[in-house]
Amino acid sequence: MKTSTGTAHAPGFPRQLARTRRLTLGVPRHFTVSPDGSRVLFLRTGGSGPLSALWAYEDGAERILADPRRLPGGGAVPQAELDRRERVRERSEGVVAYATDRDVRLAVFALGGALWAVRTDGGEPFPVPAAGPVTDPRPSPDGRRIAYVTGGALHVTELGGTDRRLAAPEGPEVTYGLAEFVAAEEIGRSRGHWWAPDGSALLVARVDPTPVRLWFLSDPADPAKPPRRLRYPVAGTANADVSLSVVTVDGRRTEVRWDRAAFEYLVAAVWDAHGLLIDVQSRDQRTLRTLAVDPATGETALVAERTDPAWVQIVPGTPARTASGALVRPWEDGGTRGLRIGEARTPAGLQVREVLGVDGERVLFLASEEPTEAHVWCHEPGRGFARLSEGPGVHRSAAGGGTVVLDSLTPDGPEATVMRAGAETARIACRAERPLVTPRPRYLRLGARELRSALYLPSWYEPGSGRLPVLLDPYGGAGTQLVLRARGWTSCLSQWFAEQGYAVLVTDGRGTPGRGPAWEKEIRGDRLGPPLEDQVDALHAAAEQWPDLDLTRVGIRGWSFGGALAAAAVLHRPDVFHAAVAGAAPTDRSLYDTHWEERFLGHPDKEPENYARSSLLGHVHKLRRPLLLIHGLADDNVAPAHMLRFSAELLAAGRPHTVLPLPGATHLPSDETVAENLLHFQLDFLNRSLTG
């Protein structure tokens, strides 16, 4: 080898990763295309600062629409808005979200709790009077009114006119017009009010969280600080009570009626020229119904139903309809998850991930032929199905009036391409810093299950020059892939660990997206067994191809589910794994939330063995390898109780381990110094445990 033991490579990368908020600063995002295709709106921060501004691309040029540095309150965020942003892991400040009218002539946003609007065809942003700190403002389709939430109440204000409170909370915790915790965190529904196409009424969600179990998060580093109260719906316990009403702008309210006892999850809503649709799901998630709603009476009628013996997977962006009224909805068999668009049906083997939008009769959707890539596809009557994006990567899109913006993560990093008539017309500038490490993955298909894997070796490594300790760096669970033909922050981080002298192997096993329903649902009833088996199989298969991998020195690190997988590796397979770093690990599956956990393991009262099998508690006596536990003490996603109970059980069993608590940190530490030094701490632990 050309390096000496202990030599640091790319020493500035951990700082860069923390300072740029995982390489996201300067990347354009959240695109909206006007119906005539002439304007593209988007958000973008500066290349080195977290302050996000609203931009427009038009006539071949970019221009700024709203710069928070020039507006009062541009750097401040009210606590209510901050809490919501924490739930969706917002990484920027300033203008972090916006909404537009139907023609994309008016854009509205909240800044420092104040309500702002800007005309996209020119002029400066202007404040709009509001009754209090504003959350989730949305203009009516005609741009004459703006709906927003303040103090849990839904308001509508006329531009330059009166402000009306349409729905007021009956209790201190009740809200109108917002999504509940489970919807925002697990279902993928981030909103709680929807305008009628003519702007005369809104569909409004009422959320009463008081049935939900009350938790308290304290800050041990500041004993004078009172604990934070939050409602957390633990698996097997009550969810928030969610109902819907149609509320006219003059205050008349009609309750939407469906069997809420049998279908307590409100999944999605869409109100278009053809009427109002909602998707509702049963508590066991085995049935999902699309219902048509009569806004005048609140009565509902069944439009479509999906059932599955494991669970019905929610496909973001559905239900939807084309301009002619053709219904866009998912279909599924064991091998494929696809779309029905009227009578048309996507081909077998094309795995649909999301509906990206409808532009007239054209439907754009995200799908994979190969799980390491995701491409933009479209369907048009008479033309059938066609792929719009080219080249490896993960591509998304926004469209309108024949203009398509491809929002891509490629092997060379993020790109935003404006296309018209199938040809590129421009690029929207990406101002992100180039990472100080360049990922060099070798993409592999390993073992009998052809496990998609990426092997990262040191750039200075010469085959045959010496054996390398191995570090597995997976997530490995439902909802997330790491093995993608794209340069993301996780691939850069895996390469950084490789540069320190490791062969780093990343594998997406059973349960991860992109390989079809049967692959995803093999973890039903056992969230740890199949994923751990896949990590072991991938390791051994990789070592057969790369004999320089030293199987006597194997570590594993992971965060969230990846952290639980890492801890499970040293508990259950100490013959394979010699050290583990487990960050923010959910060690007790019964302490996680309802919709997510019950999807995979069922109700804990009915299937308790699934929770015991998939948790780390009860298995601590097996530990005989070095284990580092890391956890933010302000984590409201995976509560610190997971780590504390696990550590206490390890101590009671006489099993030595290392605990690194992070005061004030949430699920993903945001403090730059903490995030930087955390990587060095993990590396030091692995070096001591594996290489001496």
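How many of the eight residues of strand β19 are buried? Seven of them are, so to speak, under cover: β19 (residues 241-248) is mostly buried. One caveat before the details: this is a predicted model.

1. Start with the partners of β19. Strand β16 (residues 201-208) runs antiparallel to β19, and eight bridges join the two. If you want a register check, look at Arg 206, which stands opposite Ser 243 in β19. Then there is strand β20 (residues 253-255), also antiparallel to β19 and joined to it by three bridges. Here the pair to look up is Ser 245, which stands opposite Glu 255 in β20.

2. The turn from β19 to β20 deserves a look too. The two strands form a hairpin with four residues between them. Within this hairpin, Gly 251 has a positive phi, near 100 degrees.

3. Next, a sheet earlier in the chain numbering. Four strands make an open sheet in the order β6-β7-β8-β9, with antiparallel pairing. Its edges are β6 (99-100) and β9 (126-128), each of which pairs on one side only. For the contact between β6 and β7 (residues 106-111), there are two bridges, in the antiparallel sense. Thr 100 has Ala 107 of β7 as its bridge partner.

4. Another open sheet of four strands has the order β33-β34-β35-β36, again with antiparallel pairing. The edge strands in this case are β33 (394-400) and β36 (423-427), and each pairs on one side only. Ignoring direction, neighbouring strands here are turned against each other by 30 degrees on average. Strand β35 (residues 413-420) and β36 run antiparallel and are joined by four bridges. To find the register, take Val 418: its bridge partner in β36 is Ala 426.

5. Now a helix. α10 (residues 641-652) has twelve residues, and the distance from its first C-alpha to its last is 16 Å, close to the 16 Å expected at 1.5 Å a residue. Its buried residues are His 642, Met 643, Phe 646, Ser 647 and Leu 650. Why do they line one face of the helix? Seen down the axis of α10, the buried residues fall within an arc of 115 degrees, so they share a face.

6. What sits over that buried side? The cover includes α7 (561-572), β43 (627-632) and β44 (658-662). On the face of α10 turned away from the buried side, you'll find the exposed residues Leu 651 and Ala 652. After α10 comes Gly 654, with a positive phi near 70 degrees.

7. Last, the cysteines. How many disulfides does the structure hold? Zero. Cys 492 is in no disulfide, and the nearest cysteine sulfur, that of Cys 430, is 12 Å away. With a cut-off of 2.5 Å between sulfur atoms, that separation rules out a disulfide for Cys 492. As for exposure, Cys 492 has 0% relative accessibility, so it counts as buried. Cys 378 has 5% relative accessibility and therefore counts as buried as well; the threshold for that label is under 20%.

Methods. Residues are numbered from 1 along each chain as its sequence is written. This is a predicted model: local features need pLDDT of at least 70, side-chain atom pairs count only at pLDDT 80 or more; totals for chains, interfaces and linings use all residues. Side-chain values use heavy atoms; hydrogens and water are left out. Two strands pair if DSSP finds at least two bridges between them. The expected span of a helix is 1.5 Å times one less than its number of residues. Buried means under 20% relative accessible area, exposed over 50%, partly exposed in between (1.4 Å probe, protein chains only). The arc is that of the directions from the helix axis to the C-beta atoms. Contact means heavy atoms within 4.5 Å. Axes are lines fitted to C-alpha atoms, for helices over the stretch in contact, and angles run from 0 to 180 degrees between N-to-C directions.
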